[in-house]
Amino acid sequence: MTPRRVGEGGGVLRRERRGLRVAGCVAWVVLVAWMLWASQAAAHPSLEEWISTLSARLEAAPLDAALYRERAVAYANEGQSARALADFETAAELGGVLGVALDRGMLLYKLGRYDEARRDLGLHLQRFPRDVAALEYRARAAREAGDGAAALVDFEALFAVETNPNPGHYLSAAQILEEMKGAGSGRALEMLDAGMQKVGPVPQLQRRAIALEVKSEHYQAAIVRLRTLENGLGGGPDWNIELAGLLILVDQEAEAGRHLAEASAQLEGLRLTPARKRSLAKLEALQARLGP
Amino acid sequence: MRLSFEFQGRVGIAWATAACSVFAMIFMVTGSASSEPASRLFLQQVSPHGAIVKWRGDPGQVCYARKFKKLSRPGKARCVDGILTEGNHFEAQITGLKPEKTYFYSVAGQMEAGQNFQTAPKSKRRGGGRGGRGGGHGRGSHGKSHDDDDDDHDDDHDDDHDDDHGDHHDDDDDDDNVHMWIVGDSGTASDGEHPGEAAGVRDGFYAYNAAHGGERLDLFLMLGDNAYTKGTDHEFQAAVFDLYRDILKQTAVWSTIGNHEMGVGSLPAFGLFDAGGLSVSSDPGSYSDGDPGTPDAGMPYLDIFSFPTAGEVGGVPSGTEQYYSFDHGAVHVVSLDSQLTARDPAQREAMRTWLIADLSSNRSDWTVVIFHHPTYSYGSHNSDSDSLLMQPFANYLDLPMVTLREEFTPIFDDYGVDVVYGGHSHSYERSYYLGGYTGDAVDFDPAVNAELNSAGEPATGNGPDKYTQVTASGLDDKTVYTVAGNSGKASSANPAITPNFLQFPAHVPQAADPEGRRGLKVRGSVVLDAGEHRLRARMIDSDGAVLDEFTILRSDD
């Protein structure tokens, strides 16, 4: 569309314009009234209803980039990825790519197009470097793309700005470190410990750390870590059995025996669940290893 | 049985309010400097030895005592400073309390009628042995309870029999029942479309409770979608704090995250359209209320509530308020996060690891799990995986219904979870006693997945069909799953979403349904009573009538 300059045209044109303005005004009133009605009618719209609503609005305002972005997100949430990407593209053409970078980046991540996702999320982060959602998704995209180093940089940035990070993020970061050449379990353990510094000694992270210690045959270190969970796990039968298993590995059989006896007494007082049945089997196997 | 005036019906409330008001006025005149009543006042993490009082209003102290009158006597009550926390809430952590005792409290010099709470019983855990957890606010330097040290503030031997103002409590009456009220998707008081419907459900509970002994409520559980449509702070005020004001100042509220707690996600609403509940993000930091005029300062749900992250009330530390657990007497409650954590594989795996650790160390008689997205539903949402993933109308919003079913219900089977409650669908649906069932509706095989009665049919949980924790298999391996998202509205059938509305084959047929379907399109809530020998669940409608119930008998340990 070529914008007209003020003062162009004659009287007929001005009358035409006045008429158009009146018509536009009426249309606008009708549109607003309809939108207000729709806002009441669709207070809890399904995605389909929401998309229909947005499509109707786009017919009235076909150059509205924000509406295209909204519909793109709705399409993305409904799994209509091709339509979502098309709307994102239109929105970017009309309003600039920065307006769609975060949402399109998240969609591209979900579609497995990790490099494109990282590009979009990077654009967003250039403007909003502390945006936790963008940091999280770019870290994940980098992880999936096999760029562990870049993923770690983003996770570290995320941990720096997020007051209460989900323990799952630390697990992700530790897993990346486990898989990175040259990093080994040492750095993964450091990451898990850093997580526990922030969120406390939680089993999600300490269990992973124990597994890494056992994998490296650092049984004493695993025992130390397992003991940190005693209070949190209440010294229950599974904790006792697991500790006994580790103690046997470091030839502390007498103490292992005490923990197995305690686990046995605990299990005796509890109704049998499938998990406890497995625990009993494990306990009996360990007792057999200890001998009479 | 412990009686409380609060729940003996409206007459009781009115009577007690009038009586208490006199004393409250006396207190306010003679007590601390006057201030405005808190706009919201609620209890969190009530444990055997402590509690958190949260409010929004004037700064000040929370003062508490075993006797009401002591609150107005200088030096007789203990006081704790309120600390300003997220969302402009003040928070006072009270420690050193005795289990199963009633405490009266004032907030910033204000004392409303019924401002008292009862501490939790000590955690009752089977299996003996040592055990570090289960205390609750009782550990650490501030954890010494009056049990350990009856100091001069101990009111047990106080001669002042002065709590004769309507707040009678039999302090030493040790009943073993844990009395729970569960509401799901109750947040319609803020949506402008369902006026009075959530209040009707609340009043139905009051009526039921008054007619059944008026037992004090021990736990108030919310299944998410607490404040429609975007979970804004303003909506929480109307849908939670105004609606349940009388309950919240006496009973700790616990919740799980619903889709409507997550605002509009990344969809700006321009103030005209409301796209609340459509977020599929796994990141609470992506919360947006859609109003471009106000910056989003975080997810209001997480700012409002203070849930345990470090096993403060007896569960295993989770490190996050998004999912957590706690003990209350013989009951262990787990709140999972099906809205955020469940959407990211790594976070979901962490939640699974935590859940296994939590349940494997759980030695309570009863285990209750809550999360928003139900694993089996033919209500306003459809839990079948083909309906969720079928193009072009894939429904990623509801995908947690499948992931939770596939990845978490086997854990419930394994670790003896008794009951699971979800919302999301705005109806009531209650399952048979299920195990080993991770498939869609079409995959349900009663002979394999349900506990059968003597006639070889799925047992209903009533009469001779009452469930026992240890089933015919010889193991505690089955769970009752209930959809209770009907506390704010009851949605009609939408054939495009659920062709077989309320006909999920693993759900029990409902006699109260006019068409005999396996669910109820009726507003209501759930009352759960977990006693020493049995757990009873009842669905209560807005008239206080019981429309469905079942019983699980505790197996001898």
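A residue counts as partly exposed when its relative accessible area falls between the buried range, under 20%, and the exposed range, over 50%. By that reckoning Asn88(B), with a relative accessible area of 48%, is partly exposed. The model described here is a predicted one, and the predictor gives the complex an ipTM of 0.85 together with a pTM of 0.84. The points below take up confidence, the nonpolar cores, the salt bridges and some details of the backbone.

**Confidence in chain B**

- Chain B has a mean pLDDT of 84, and 80% of its residues reach 70 or more.
- Residues 1–33 of chain B keep a pLDDT under 50 throughout, although the model has 79 contacts for them beyond four places in sequence.
- The pLDDT is also below 50 over residues 138–173 of chain B, a stretch that has 78 contacts in the model beyond near neighbours in sequence.
- Where pLDDT is low, the predicted coordinates should not be read in detail.

**Nonpolar cores**

- The largest nonpolar core has 194 residues, and those with the most contacts inside it are Trp55(B), Phe220(B), Tyr244(B), Leu336(B), Phe412(B) and Tyr421(B).
- Because domain 1 (49–95) and domain 2 (235–292) of chain A both give residues to this core, it lies between them.
- A second core, separate from the largest one, has 7 residues, among them Cys63(B), Leu71(B), Phe104(B) and Met111(B).
- Once neighbours within four places in sequence are set aside, the contacts of Phe412(B) include Leu336(B), Leu355(B), Val369(B) and Phe371(B), and also Val417(B), Val420(B), Thr479(B) and Tyr481(B).
- In soluble globular proteins, nonpolar side chains tend to be buried together.

**Salt bridges**

- Over all chains, the structure holds 37 salt bridges.
- In chain A, one of them joins the side chains of Asp147(A) and Arg118(A), with a distance of 2.7 Å from N to O.
- This pair links distant parts of the chain, since Asp147(A) sits in the loop between helix H7 (132–144) and helix H8 (148–161) of chain A, while Arg118(A) belongs to helix H6 (residues 114–127) of chain A, 29 residues apart.
- Asp147(A) is partly exposed, at a relative accessible area of 28%, and Arg118(A), at 21% relative accessibility, also counts as partly exposed.
- Also in chain A, a network of salt bridges links Glu89(A), Arg104(A), Arg119(A) and Asp120(A).
- In chain B, the side chains of Asp440(B) and Arg405(B) meet in a salt bridge of 2.7 Å, N to O, and distant parts of the chain are linked by this pair, with Asp440(B) in the loop between strand S16 (428–434) and helix H9 (446–449) and Arg405(B) in helix H8 (residues 400–414), 35 residues apart.
- Both Asp440(B) and Arg405(B) are buried.
- A salt bridge of 3.0 Å, N to O, joins the side chains of Arg517(B) and Asp513(B), and both of these residues are buried.

**Backbone details in chain B**

- Tyr228(B) and Thr229(B) are joined by a cis peptide bond, with omega about 0°, and Thr229(B) lies in the loop between strand S10 (219–222) and helix H3 (233–242) of chain B.
- Asn88(B), in the loop between strand S5 (83–85) and strand S6 (89–94) of chain B, has a phi near 60°, which is a positive value in a residue other than glycine.
- His424(B), which is not a glycine, has a positive phi of about 75°; the residue is placed in the loop between strand S15 (419–422) and S16 of chain B.
- With a relative accessible area of 2%, His424(B) is buried, whereas Asn88(B) is partly exposed.

Conventions:
Residues are numbered from 1 along each chain as its sequence is written. Chains are lettered from A and ligands numbered from 1 in the order in which they are written. Side-chain values use heavy atoms; hydrogens and water are left out. A nonpolar core is a set of buried Ala, Val, Leu, Ile, Met, Phe, Trp, Tyr and Cys residues joined through side-chain atoms within 4.5 Å. Buried means under 20% relative accessible area, exposed over 50%, partly exposed in between (1.4 Å probe, protein chains only). Domain bounds come from an automatic or database domain assignment. Contact means heavy atoms within 4.5 Å. A salt bridge is a side-chain nitrogen of Lys or Arg within 4 Å of a carboxyl oxygen of Asp or Glu. Helices (H or I, at least four residues) and strands (E, at least two) are DSSP runs, numbered from the N terminus. pLDDT is the predictor's confidence in each residue, from 0 to 100.
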